[in-house]
Amino acid sequence: MTRLLPNTACAAAFTLLLIFFSAVKPSGADDKSDRDAQFQKLLKTIPGLKEKIDSGQTTRKEVLDWFEQYDKFESPGKDFKGGIGKSGKGGKNARDVAGTSFPATAFEYAKLVESELGVPPTVDLDKAVEIPLYVDGVKTLGELPVCDNPTLLGKTNMSGSVIQRYPGRTRDGRPLKDVVWVAFARHAGPRFLGSVQMIGYNRRSGATAFFESCDAIGPWVRADPVTTRLRGVMPGVDDPAQFNQAYVVPGQVQCVQCHQNEPFITDSFINAAKIPGTDESVVPVLDKEAPYYVIGGENWDMRTIHIEGNRCFDCHRVGMETMKLFMSSGWDANEHMPPHAPGSMAEDLAELLDAWKRGPEKTKAAMWIVPPARGKPARVVGDDYPHKSFFNRPADLRSGRKLLK
Ligand code: HEC
Ligand code: HEC
């Protein structure tokens, strides 16, 4: 956690790789000499790549596969089948969407989000980046009670989860440079296998879409018996019935309960997945200016607390339910934040936790805000905010369990 991105640098970092990928387009990557040529280009473009390969942090193949996939995704060519067609019949995982603005099926949802987010990716777990688990700095396999980079979800740490980032594109394959998709396959272990989830995000408008897999991903996914890594290909929107079989819309669960301050959650587990050959996390890091609204989640509670002058809000919004989740997994903000000098904002943290205990309404300089969205700036909302949900109920995060040292 040494990387510190001031606000504008965050946005720049987000686009950096996309620009970068188009600069190193291979002509036809099946061919060995093309791959050699592309690798030479990558060696020139990515700082420190040779050292990373020499030290075994990544391999030439991993790096080439990543960039090749990116390129194919951006210019899919004649055999591209990913477009969103008209018919979305079939599949049986319709959700209870009463009281929400979500359509009943994942395919209809994909069509609804298309104008902002293009086409959801067809997720190939074999080409995704594995999320390594480390014990004392050594990559370790299996279900680990303790590790250096635990998930903060309160679940066990199981090796073999994978994650991937995709550039946005339209149904006919044109790049959408403000759009990014992240797909995450969480390995839950031998009994439950796991789940595959996707988030699409448009960093200009803030439009966000959340897709969840059904509980039984067995038809498409398996865990490698030796490496524990999840493998397989999830259905894409070119097969609506299968897509609906595999994915569901969020329905009654507000993903923003935890994906609260921005679409993407970053914790030590997630941040361990790096784009091969680089130090950049697969999951993009956003900032306090990042617009955010959920298509279909129009009645989700998008509020976060804000305190004028408190430095915890210098770089990003803070979701207190996310913090509560992290803290109940043993995370102490003073050991991690701010990333360049952990603990140096202990007073700001204390002020934040106090304000949360009393509630923003009862705290001087504190307020509820909702993120910028659709070109409109962030705004302060009052007691008449119509979408209050249980998770934004202020509480004493230091009482009960001993959360802070
Ligand atoms: C109870 C909290 C919680 C809820 C609710 C939740 N998530 Fe997450 N999610 C997490 C955490 C924590 C991570 C980071 C990975 C980890 O530590 O396991 C994560 C990571 C992800 C990722 C990987 C990208 C990222 O942001 O790091 C995706 C994709 C995702 N979640 C999708 C969803 C979807 C879709 C929903 C709603 C249907 C949802 N999540 C609801 C806690 C939650
Ligand atoms: C100088 C910039 C900066 C400051 C100041 C800062 N943070 Fe962060 N924070 C980050 C960055 C960058 C990340 C994302 C990368 C990571 O997870 O380390 C992050 C991530 C987080 C997350 C995870 C959020 C999520 O949903 O993924 C929490 C919670 C958080 N910070 C809380 C705090 C608190 C509390 C303070 C004040 C004590 C604080 N931060 C101050 C830069 C900052």
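pLDDT is the predictor's confidence in each residue, on a scale from 0 to 100. What you have open is a predicted model, so start by colouring the chain by that score. The chain averages a pLDDT of 87, with 85% of its residues at 70 or more.

**Stop 1: the confidence extremes**

Select helix H1, residues 7–23: among the elements of the chain, its mean pLDDT is the lowest, at 45. Then jump to strand E13, residues 293–294, where the mean is the highest, at 98. Back towards the start, residues 18–29 fall below 50, and the model gives this stretch 24 contacts beyond near neighbours in sequence. Residues 401–405 are also below 50, with 8 such contacts.

**Stop 2: strands E6, E7 and E8**

Now show E6 (residues 162–169), E7 (175–189) and E8 (193–202). E6 and E7 run antiparallel and are joined by 8 bridges. To find one of them, pick Ile163, whose bridge partner in E7 is Phe184. These two strands make a hairpin with 5 residues between them, and in the turn Gly173 has a positive phi of about 90°.

Carry on along E7 to its pairing with E8. Here 10 bridges link the two strands, again antiparallel, and the hairpin has 3 residues between its arms. Trp181 is a handy marker: its bridge partner in E8 is Gly200.

Before leaving E8, click on Leu193, which belongs to this strand. Which sign does its phi have? Positive, at about 60°, although Leu193 is not a glycine. As background, most residues other than glycine have a negative phi.

**Stop 3: ligand 1**

Keep E7 and E8 on screen and bring up ligand 1. There are 24 residues around it, and Thr151, Phe184, Gln197, Cys255 and Cys258 come nearest. You have met Phe184 already, as the bridge partner of Ile163. E7, E8, strand E9 (207–213) and helix H7 (268–271) each give at least two residues to this shell. Colour the shell by class and you get 18 nonpolar, 4 polar and 2 charged residues.

**Stop 4: ligand 2**

Move on to ligand 2. How many residues surround it? The count is 26, and the closest are Thr266, Cys312, Cys315, Met337 and Pro338. Helices H8 (320–328) and H10 (346–358) are the elements that contribute two or more residues. By class, the shell splits into 17 nonpolar, 6 polar and 3 charged residues. Try colouring by domain too: domain 1 (7–271) and domain 2 (301–392) each supply at least three residues of this shell.

Zoom in on Met337 and Pro338. The peptide bond joining them is cis, with omega at about -15°. Most peptide bonds, by contrast, are trans. Pro338 is in the loop between helix H9 (333–336) and H10.

**Stop 5: the small sheet and H10**

Last, select E14, E15 and E16. These 3 strands make an open, antiparallel sheet in the order E14-E15-E16. Strand E14 (304–307) and strand E16 (379–381) are the edges, each pairing on one side only. From one strand to the next, the twist averages 55°.

E15 (residues 366–370) and E16 are joined by 3 bridges, and Trp368 has Val381 as its bridge partner in E16. Now add H10 again, the helix that also lends residues to the ligand 2 shell. H10 packs on this sheet, touching E14 and E15, and its direction makes about 125° with that of E14.

Methods
Residues are numbered from 1 along each chain as its sequence is written. Chains are lettered from A and ligands numbered from 1 in the order in which they are written. This is a predicted model: local features need pLDDT of at least 70, side-chain atom pairs count only at pLDDT 80 or more; totals for chains, interfaces and linings use all residues. A residue is near a molecule or strand if its C-beta atom, placed from the backbone, lies within 6 Å of it. Helices (H or I, at least four residues) and strands (E, at least two) are DSSP runs, numbered from the N terminus. Ala, Val, Leu, Ile, Met, Phe, Trp, Tyr, Cys and Pro count as nonpolar, Asp, Glu, Lys and Arg as charged, and the others, Gly among them, as polar. Domain bounds come from an automatic or database domain assignment. Two strands pair if DSSP finds at least two bridges between them. Axes are lines fitted to C-alpha atoms, for helices over the stretch in contact, and angles run from 0 to 180 degrees between N-to-C directions. Two residues are in contact if their C-beta atoms, placed from the backbone, lie within 7 Å.
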